[in-house]
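Colleague: Could you walk me through this one? I'm new to it.

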Amino acid sequence: MTASDYRPPRLLRNPHLQSVLGSSSLRRRRGLRALAASGAATREYILDGGHGARLQGWHSHVPGREPAGMALLLHGWEGSADSGYMRLTAARLLADGLDVFRLNFRDHGDTHHLNEGLFHSNRLDEVVHATADMVQRLRVRDLVVAGYSLGGNHALRLGLRAGMAGLPLRRIAAVCPLVDPATTMARMERAPQFYDWYFRRKWRSSLLRKRELFPEQHGYDDATLALDMRSLTAWLAERYAGFGRVEDYFDSYSIAGDRLAGLAVPASILMAEDDPVIPFEDFRRWRLPAGAELEVARWGGHCAFVESLSGDGFAERWVAERLRAGLPGR
């Protein structure tokens, strides 16, 4: 299976329709059914993210079966472990003989109560620490990781830290990973208005929830929450992430240029040429190490790659195939 195999019907070749369908309630329901049909038992874990941080995750295992390995799945910004693409990917991997661990980033899903501090995209340390905790507690010998959008960015950055963290990471699969946050912000500002509405609505709901839970720590007012995306991001970067400028914050989690040069873990990256959120030009300028491969599909939108109106997804099958290939004996 390669990116060129993805050929959706003409009706689904519009990138905006793709992107909306990819995160639709249709896909969430389909994912819930697929995960239930897998026969897996799912258990919640609260992982140690280091320095008092706690992250929630969900481990799915088919009873009575020795797994071929553990797949860690990382969602996109303002997604969650219960997003449709996360559940659909989990079901596909379970069918292929793997165990699956779906991790929630800080303040994603129903986890705002676990930590006082706000989520920001430079909190990679707690993801690495939580992954190491999961590996130890579940006695994982062979780990593979997949991520979507911001989760793809984190998966590749996790790969850079795997050796130092002692993670048995065998392979990475990233779907439409965020490469350069600065250019993505500029793209979002030029994109159709509903993208801005969708992300701002979800982010502001998250910030309101945080304020309700920790009013003494988070006394920001409604005027702050009414800022546009760039201004609100600058406020977060300067007030909560410790950066003097929003540009420095963007740079802190960029993987553009040759920043993945030290990646020693084999990686496969799937990108859609028509992605309306992540600029394709970022991938043209990317310099990847020898062990990383970039596959570009003509269509797919942002992390969608939907194949039919019933919600079937190419990306989930692609991820499962790439991760299986990274396990011993495959």
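Colleague: How much area does the protein chain expose?

Modeller: About 13,800 Å², with carbon and sulfur atoms supplying 49% of it (Shrake-Rupley method, 1.4 Å probe; for residues, only the protein chains shown count as cover). Keep in mind that this is a predicted model, where local features need pLDDT of at least 70, side-chain atom pairs count only at pLDDT 80 or more, and totals for chains, interfaces and linings use all residues. Residues are numbered from 1 along each chain as its sequence is written, and side-chain values use heavy atoms, leaving out hydrogens and water.

Colleague: And what share of the residues is buried?

Modeller: Of the 330 residues, 58% count as buried, meaning under 20% relative accessible area (exposed is over 50%, partly exposed in between; 1.4 Å probe, protein chains only).

Colleague: Switching topic, how many disulfides are there?

Modeller: Zero, taking a disulfide as a pair of cysteine sulfur atoms within 2.5 Å.

Colleague: Why is Cys176 not bonded to Cys303?

Modeller: Because the sulfur of Cys303, the closest cysteine sulfur to that of Cys176, is 4.3 Å away, which is too far for a bond.

Colleague: Is Cys176 buried or exposed?

Modeller: Cys176 is buried, at 0% relative accessibility. Cys303 counts as buried too, at 7%.

Colleague: What about helices and strands, how many?

Modeller: Twelve helices and eight strands, counted as DSSP runs from the N terminus (helices are H or I, at least four residues; strands are E, at least two).

Colleague: What does the C-alpha trace span?

Modeller: About 55 × 45 × 40 Å along its principal axes.
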